[in-house]
Amino acid sequence: MIGLPWLLVDETIDDGDNVVATCADIDGLFADPAEPPVERYTLLDCVPGGRLRAACDGTGPSWLGNIGLEAVHPANSQHPPGCWECAEELLDVTVVDARRSGRHGPLEVVLEGRLRQDGPRHAERAPSDAEGFLLTGIAADGDEDFGACGGVTGVFRERPAPALRPATLIGCRPGARLLRALDALERGGTARHRRWVTASIFTVARDGTATRLLDTGLGAEVAGVRPSPRGDGLVDVMFEPTYADAVGPPRPARARGVWEHWRAGRPADANGWAVHDRELRQEWAGAALAHHRSAPDRKPGATIHLDGRHITDEEGFYCAIGEAVNGPGGYFGWNLGALHDCLLGGWGVAPGFRLVWHDSAVAQSSLVPGYDQRWWAPALTMEQLLDLLAGDGVDVDLR
């Protein structure tokens, strides 16, 4: 099977027959997700507070960042206080109009922004027993009371479902699992479940080492097969999505080059990530995590030298500290939660180490307050990052 750069394995079974296929390429693996569209919402019977009130009366900026909406339920509701299932978040919000329903009555506030749809839930209808909504300004330095409203339009509504993406294994050498699905396709009939294939996706290095792509896999029904121009005996196998994308979640479209780079082996030189933008730096840190191999921690009190010349964004910090702790291509977190976990130990250095941050002025001038449209959230600042490191026992020496 070695020689083709992609390996698909059904990890739900353990019978020695779990190889689905190897293939030369996977059409559908690299694709950009659509960003949330700009929409309009109206807060009804609104009594605004804080910066929302200032935006409504014209004494403050009309742009507010993110706003959280939390449904208010009656005392006898089956929903608990602060029910996460009844909360929504509006992103990159601007107040475009504010009108009073009466001379001294509440406001009708028109907002322009986006709805966060990548969370655990989005409702098409407002909670049936909601008596109104608490409004919260979501900022980097803590949440702010934005008041309340009696209702909202434009948020809880049916939206067109995104088109599901098919996938094709190109230049494919089927294993036994896929051969059975192809046989079921040829036989036809109504037993569609026999054509269903589930597989984790591994990238195969040139030395034959297989590394699993985190959080990405194939789950779809075989829809067709044809001879492949990639080589004799190889086929292209088409998959149709049923409930979600055939391969999901896809990696960013431009990330193919990062994984091709790593296929040659773990990088031997530091700062290979530095030529990339934020999106590909994030992918680089993900590749570093996928290739991470556990080793004993350095003892408490160790000194780690951080090359800060290229830390121009949050993602650059994760790449740089990964290499500072674990060498070129090393991993030591790829978001704040993962960084915190690594700082607890078990990822290359024990808690209580000293971090000598060279060329720290680069990050100090880059990690500044603002709004991060990559994540639709307040930007991570240098001060916040240093507070997190100090809170986890890191002695930071800025140079």
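**Backbone outliers, cores and aromatic pairs in a predicted model**

Asp359 sits in the loop between strand E16 and helix H7 (360-366). Its backbone stands out a little: phi is positive, about 50°, although Asp359 is not a glycine. With a relative accessible area of 40%, Asp359 comes out as partly exposed. The model is a predicted one, and the values below are all to be read in that light.

Asn271 shows a positive phi too, near 70°, and is likewise a residue other than glycine. It belongs to the loop between H3 and helix H4 (278-290). Here the relative accessible area is 16%, and because the cut-off for buried is under 20%, Asn271 counts as buried. One more backbone feature turns up at Pro249, in the loop between strand E14 (247-248) and helix H3 (256-263): the peptide bond from Gly248 to Pro249 is cis, with omega near -15°.

Now to the interior. Nonpolar side chains tend to be buried together in soluble globular proteins. In this model the largest nonpolar core takes in 68 residues, and Leu169, Leu178, Phe239, Phe317 and Trp357 have the most contacts inside it. A second core, separate from that one, has 26 residues, Leu43, Leu52, Cys56 and Cys83 among them. Back in the largest core, Phe317 touches a fair set of partners once neighbours within four places in sequence are left aside: Leu306, Ile311, Leu339, Trp357, Leu385 and Leu389.

Phe317 also shows up on the aromatic side of things. Searching the whole structure gives nine aromatic pairs. One of them joins Phe317 to Tyr318, edge-to-face, at 6.0 Å centre to centre and with 65° between the planes. Both Phe317 and Tyr318 are buried, and together with Trp357 they make up one aromatic cluster.

Tyr331 and Trp347 make another pair: the ring centres are 5.5 Å apart and the planes meet at 65°, so this pair is edge-to-face. It ties together distant parts of the chain, 16 residues apart, with Tyr331 in the loop between helix H5 (314-326) and helix H6 (336-343) and Trp347 in the loop between H6 and strand E16 (354-358). Tyr331 is buried at 4% relative accessibility, whereas Trp347 is partly exposed at 27%. A ring of another sort of interest is that of Trp6, where the charged end of Arg263 sits over the ring, 4.8 Å from its centre.

Finally, the second largest pocket has a volume of about 270 Å³. It is lined by 16 residues, of which Ala139, Ala140, Asp141, Gly370 and Pro378 are the closest to its centre. Strand E4 (residues 63-72) gives the most to this lining, with four residues.

Terms used
Residues are numbered from 1 along each chain as its sequence is written. This is a predicted model: local features need pLDDT of at least 70, side-chain atom pairs count only at pLDDT 80 or more; totals for chains, interfaces and linings use all residues. Side-chain values use heavy atoms; hydrogens and water are left out. A nonpolar core is a set of buried Ala, Val, Leu, Ile, Met, Phe, Trp, Tyr and Cys residues joined through side-chain atoms within 4.5 Å. Buried means under 20% relative accessible area, exposed over 50%, partly exposed in between (1.4 Å probe, protein chains only). Contact means heavy atoms within 4.5 Å. Rings of Phe, Tyr and Trp (its six-membered ring) pair if their centres lie within 6.5 Å; planes under 30 degrees apart count as stacked, over 60 as edge-to-face and the rest as tilted. Helices (H or I, at least four residues) and strands (E, at least two) are DSSP runs, numbered from the N terminus. A charge sits over a ring if NZ of Lys or CZ of Arg is within 6 Å of the ring centre and within 35 degrees of the ring normal. On a 1 Å grid over the protein atoms alone, a cavity is a set of points where a 1.4 Å probe fits but cannot get out, and a pocket is an open set with protein on both sides within 12 Å along at least five of seven lines; lining residues have an atom within 4 Å of a point. Grid points are joined across faces, edges and corners, and a volume is the space filled by probe spheres set on the points.
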